[in-house]
Each structure stands twice: as C-alpha cells, then as structure tokens.
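Here's a quick tour of a protein chain for anyone just starting out with structures. Keep the 3D view open while you read and find each spot as it comes up.

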Amino acid sequence: MNATIVKFGHPARLVADYRHWLVLLRPAQPTLGSLVLAAKGEATAFGDLPPEAHAELAAVTRDIETALKAAVGYEKINYLMLMMVDPHVHFHVLPRYEGARTVGGVSVPDAGWPGQPALNAAVALDGVQTEALVAWLKGQWPAR
C-alpha cells in the first residue's frame with residue numbers, strides 16, 4: 001500500500017477493495033459518508049495510472065454512487081482530486097445534501113450547501129464511530 005492509503009487509515013477504514021482502487025471512509029466527515037477513493041499504485045499523477053485503472057474507475061464510481069445514494073440520499077456528489085499534501089492519486093468523495101444526515105448517533109450537516117464543501121467544518125470520528133460507519137457503508141455496497 002502506498003503512503004497516502006496508509007495515512008487515510010487502511011485497513012481500519014476500508015469500505016471496498018478493487019483491483020486498482022480502494023475506497024476508505026474519510027477520517028473527517030464534511031458530509032456523512034465522505035470517502036477517499038485511492039489508487040493502489042505509486043502513481044502521483046492521474047495520467048500515469050495504467051489504462052486498466054482508468055477502465056475500472058467506471059465500475060468503482062458507479063458502486064460509490066449507488067451505495068451513497070442508498071446511505072445518505074445525496075442530492076449531488078463531489079469528487080475532489082486535490083493531491084496537495086498526499087501525493088498518490090486519490091479523490092475525496094463528498095455526498096452533498098441540504099441540511100444534515102444522521103446515522104448511529106453521528107450527525108453531519110453539509111455546512112457548505114449549496115456552495116463549495118466546507119472541509120474545515122468536518123466532523124472528526126472516534127474509533128467506535130469509525131467502525132460503525134465503515135460497517136454501515138459496507139452494508140450499503142452493491143454486490144460484486
């Protein structure tokens with residue numbers, strides 16, 4: 001695993017595993033169900049990913065959108081490829097909605113709705129909340 005994947009909490013935050021990609025629960029939740037979609041390889045530029053990773057991305061994003069629609073009923077979804085601090089190819093995936101969403105006692109408002117995501121207003125999760133949200137999202141994941 002590359003350093004970016006480890007930094008985002010693999011394996012404890014793992015929601016789904018694909019040949020070229022991992023889906024992880026984002027440590028800080030600007031919206032409920034926020035994820036990190038990370039390439040498994042060492043590429044630090046999107047264009048450097050192998051063609052197979054680009055092809056698989058269609059299925060991965062379809063699964064993400066299906067699971068998050070069922071989980072939080074998002075109105076929009078944002079894929080942010082910032083890569084300013086963590087160098088390996090990854091996206092921050094933020095389901096967007098008006099108001100707040102709650103599961104297992106964790107309530108997360110979309111503080112930036114309908115504008116840009118308010119990343120600085122993210123809710124930090126403790127270990128118990130992280131385990132619960134990972135299990136909850138795995139339960140929403142489409143069968144493969």
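P11 sits in the loop between α1 (3-7) and β1. Right there, a cis peptide bond joins H10 and P11, and its omega is about 5°. Keep in mind that what you're looking at is a predicted model. With that said, here's the rest of the tour, topic by topic.

**Unusual backbone spots**

- Most peptide bonds are trans, and most residues other than glycine have a negative phi.
- Besides the H10 to P11 bond, the peptide bond from W113 to P114 is cis, with omega near 0°.
- To find P114, look in the loop between β8 and β9.
- M83 has a phi near 45°, and that's a positive value in a residue that isn't glycine.
- You'll find M83 in the loop between β5 and β6.

**The five-stranded sheet**

- Which order do the strands of the open sheet follow? Going across, they read β1-β2-β4-β6-β5, and the pairing is antiparallel.
- The edges belong to β1 (14-17) and β5 (76-80), each of which pairs on one side only.
- On average, neighbouring strands in this sheet are turned by 20° against each other, if you ignore direction.
- Zoom in on β5 and strand β6 (residues 90-96): they run antiparallel and are joined by five bridges.
- As an example, L80 has H92 in β6 as its bridge partner.

**The β7 and β8 hairpin**

- Strand β7 (residues 100-103) and β8 also run antiparallel, with four bridges joining them.
- Across this pairing, R101 stands opposite V108 in β8.
- The hairpin has two residues between its strands, and G104 takes a positive phi near 55° there.
- In a regular strand, side chains alternate between the two faces of the sheet.
- You can see two faces on β8: V106 and V108 are on the covered one, while S107 and P109 are on the uncovered one.

**P30 and its neighbours**

- P30 is in the loop between β3 (28-29) and β4 (35-39).
- Is P30 buried or exposed? Its relative accessibility is 4%, so it counts as buried, given that the cut-off for buried is under 20%.
- Leaving out residues up to four places away in sequence, P30 touches L94, V108, P109, D110, A118, L119 and A122.
- Sequence distance and spatial distance are two separate things to check: P30 and G115 are 85 residues apart in sequence and 13 Å apart in space, C-alpha to C-alpha.

**A nonpolar patch**

- L119, one of the residues P30 touches, also belongs to a nonpolar surface patch along with L82, M84 and V85.
- Together, these four have about 440 Å² of accessible area.
- L119 itself is in the loop between β8 (106-109) and β9 (123-124).
- With a relative accessible area of 34%, L119 is partly exposed.

**Salt bridges**

- Side chains of opposite charge can pair when their charged atoms come close.
- How many salt bridges are there? The count comes to three.
- In one of them, the side chains of D86 and K7 meet at 2.9 Å, N to O. This pair links distant parts of the chain, 79 residues apart: D86 is in the loop between β5 and β6, and K7 is in helix α1. D86 has 12% relative accessibility, so it counts as buried.
- Another has the side chains of K40 and D17 meeting at 2.6 Å, N to O. K40 is in the loop between β4 and α2 (51-72) and D17 is in strand β1, so the pair ties together parts that are 23 residues apart in sequence. K40 counts as partly exposed at 23% relative accessibility, and D17 is partly exposed too, at 37%.
- R96 and D110 also meet through their side chains, at 2.7 Å, N to O. R96 is in strand β6 and D110 is in the loop between β8 and β9, so this pair ties together parts that are 14 residues apart in sequence. R96 counts as buried at 3% relative accessibility, and D110 is buried with a relative accessible area of 6%.
- You've met D110 before: P30 touches this residue as well.

How values were computed: Residues are numbered from 1 along each chain as its sequence is written. This is a predicted model: local features need pLDDT of at least 70, side-chain atom pairs count only at pLDDT 80 or more; totals for chains, interfaces and linings use all residues. Side-chain values use heavy atoms; hydrogens and water are left out. Two strands pair if DSSP finds at least two bridges between them. Axes are lines fitted to C-alpha atoms, for helices over the stretch in contact, and angles run from 0 to 180 degrees between N-to-C directions. Buried means under 20% relative accessible area, exposed over 50%, partly exposed in between (1.4 Å probe, protein chains only). Contact means heavy atoms within 4.5 Å. Patches are made of residues with over 30% relative accessible area and no salt bridge: like charges are joined within 9 Å, nonpolar side chains (Val, Leu, Ile, Met, Phe, Trp, Tyr) within 5 Å. Accessible areas come from the Shrake-Rupley method with a 1.4 Å probe; for residues, only the protein chains shown count as cover.
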